[in-house]
Amino acid sequence: ILAQVLRSSSLVVSQMDSSHLEQYTLLAKTATGRALTELVLQALEHPRVFVFGELLDMSNVQEMEAKYLELLRIFAYGTFKDYVEKQSQLPPLTAKHIRKLKLLTIVTLASLNKFIKFADLQVEVDLSSSRELEDLIIEAVYQNLMVGKIDQEQQCFIVESHVPRDCRVEDVDDIIKTLESWNETAQTMMQALDAMDQHSRTSQDQHQAAQDELEKHVNSVQLVLRDADGAKQGSDASGNRMQLEDPDDHQRKRGVRWGMGNVMGGLSSRGSRH
């Protein structure tokens with residue numbers, strides 16, 4: 001598979017420099033009318049701001065002109081197709097607005113499917129060129145919006161992870177259920193890992209006990225063999241002492257005794273003649 005692996009160091013929302021959004025929320029506290037709508041449009045266009053929940057929660061933002069409020073909601077929760085469907089009722093977008101909304105659309109699709117076909121992406125972001133689509137995906141990765149890889153052979157994007165978008169109130173219950181399900185799965189996995197760990201420890205103890213028993217048996221056999229070898233060596237030494245003398249040595253001793261007898265006999269004869 002010819003694939004271009006795309007990586008980013010982190011997908012933490014705070015790394016998108018939330019200070020940029022904070023400056024807009026601070027200014028929005030005292031803004032009204034046209035000044036407020038211009039401020040919102042600037043926030044929607046800013047290249048480092050991708051979450052808008054704090055702006056939406058402000059009471060004066062909730063009271064601004066309906067079409068701007070709806071546009072803000074689309075950037076917070078919606079997709080490029082949502083804008084197109086209501087385009088006649090909404091303010092016009094700049095090229096930067098459109099680019100950002102398309103990036104956010106890819107993030108939404110990434111949250112719904114881990115394998116996104118290029119054909120589906122092209123429909124959602126209204127791009128006919130595969131090259132333009134790949135450039136958009138690469139930009140989303142470099143913006144720390146998601147991590148994944150482009151599979152050019154299968155013509156799809158494989159999602160590994162992505163940043164979350166703003167959460168609607170009506171989505172909270174589903175999120176809680178998802179988290180509860182995840183927690184149950186995590187608990188089950190922890191129990192399975194604990195059981196595996198305990199089994200491993202038990203097996204290790206049994207193996208060590210068997211190893212100790214084997215070493216004990218080997219030492220015992222070695223001791224028996226040492227004792228048997230010592231007894232054999234003692235028996236061999238005793239047997240050697242009981243062997244007959246060397247015949248030549250025995251003959252020499254007889255010769256010495258015979259010679260001494262002759263000497264003594266000669267001395268006796270001389271004494272008798274005198």
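Start by selecting Arg 34, which is exposed at 53% relative accessibility. This is a predicted model, and the stops below go from helix H2 outward to other parts of the chain.

**Stop 1: Arg 34 and Glu 38**

Add Glu 38 to the selection. The side chains of Arg 34 and Glu 38 form a salt bridge, with 2.8 Å from N to O. Side chains of opposite charge can pair when their charged atoms come close. Both Arg 34 and Glu 38 belong to helix H2, 4 residues apart, or about one turn of the helix. An α-helix has 3.6 residues a turn, so residues three or four places apart point the same way. Glu 38 has a relative accessible area of 30% and is therefore partly exposed, whereas Arg 34 is exposed.

**Stop 2: the rest of helix H2**

Select residues 33-45. Helix H2 has 13 residues, which at 1.5 Å a residue should span 18 Å; its end C-alpha atoms are 19 Å apart, in agreement. Now show the side chains of Leu 36, Thr 37, Leu 39, Val 40, Leu 41, Ala 43 and Leu 44, the buried residues of H2. What do the buried residues of H2 pack against? Their partners are helix H1 (19-28), helix H3 (53-56), helix H4 (59-62), helix H5 (66-77) and helix H7 (95-112).

**Stop 3: Thr 25 in helix H1**

Go to Thr 25, which is found in helix H1. Is Thr 25 buried or exposed? Its relative accessible area is 9%, so Thr 25 is buried. Leaving aside neighbours within four places in sequence, select Glu 54, Leu 55 and Met 58 to see what Thr 25 is in contact with.

**Stop 4: helix H7**

Select residues 95-112, the range of helix H7. The 18 residues of H7 should span 26 Å at 1.5 Å a residue, and the end C-alpha atoms are 26 Å apart, which agrees. The buried residues in H7 include an unbroken run to display: Lys 100, Leu 101, Lys 102, Leu 103, Leu 104, Thr 105, Ile 106, Val 107, Thr 108, Leu 109 and Ala 110. His 97 is also buried.

**Stop 5: Lys 86 and its surroundings**

Move to Lys 86, in the loop between helix H6 (80-85) and H7. Lys 86 counts as partly exposed, because its relative accessibility is 33% and the class runs from 20% to 50%. Select Glu 70 next: the side chains of Lys 86 and Glu 70 make a polar contact at 3.0 Å. Adding Arg 73 completes a selection of Glu 70, Arg 73 and Lys 86, which are linked in a network of salt bridges. For a distance to check in the viewer, take Lys 67: Lys 86 and Lys 67 are 19 residues apart in sequence, and 9.8 Å apart in space from C-alpha to C-alpha.

**Stop 6: Lys 81 and Glu 124**

Select Lys 81 and Glu 124. Lys 81 forms a salt bridge with Glu 124, and the closest N and O atoms are 3.9 Å apart. This pair links distant parts of the chain, with Lys 81 in helix H6 and Glu 124 in helix H8 (residues 118-125), 43 residues apart. With a relative accessible area of 32%, Lys 81 is partly exposed.

**Stop 7: Arg 131 and Asp 135**

Continue to helix H9 (residues 130-142), where Arg 131 and Asp 135 are 4 residues apart and therefore separated by about one helical turn. Arg 131 forms a salt bridge with Asp 135, the closest N and O atoms lying 3.4 Å apart. Which of the two classes, exposed or partly exposed, applies to Arg 131? Arg 131 counts as exposed, at 53% relative accessibility. Asp 135, at 32% relative accessible area, is partly exposed.

**Stop 8: a nonpolar patch**

Select Met 190, Leu 193 and Met 196 and switch on the surface. Together Met 190, Leu 193 and Met 196 make a nonpolar surface patch of about 320 Å². Met 196 is in helix H10 (residues 172-241) and is exposed, with a relative accessible area of 55%.

**Stop 9: the whole chain**

Return to the full view. The secondary structure of the chain comes to 11 helices and 4 strands. Of the 274 residues in the chain, 30% are buried. The accessible surface of the chain is about 18,500 Å², 54% of which belongs to carbon and sulfur atoms. Among contacts between residues at least 6 apart in sequence, 62% join residues at least 24 apart. The count of salt bridges comes to 8.

Key:
Residues numbered from 1 in each chain as written. Predicted model: local features only at pLDDT ≥ 70, side-chain atom pairs only at ≥ 80, totals over all residues. Heavy atoms only, no water. Patch = residues over 30% accessible without salt bridge, like charges linked within 9 Å, V, L, I, M, F, W, Y side chains within 5 Å. Areas by Shrake-Rupley, 256 points an atom, 1.4 Å probe, with all protein chains shown as cover. Salt bridge = Lys/Arg side-chain N within 4 Å of Asp/Glu carboxyl O. Helix = DSSP H or I, 4+ residues; strand = E, 2+ residues; numbered from the N terminus. Buried < 20%, exposed > 50% of the residue type's maximum accessible area, 1.4 Å probe, protein only. Expected span 1.5 Å × (residues − 1). Contact = heavy atoms within 4.5 Å. Polar contact = N/O pair within 3.5 Å; in protein donor to acceptor, adjacent residues only side chain to side chain.
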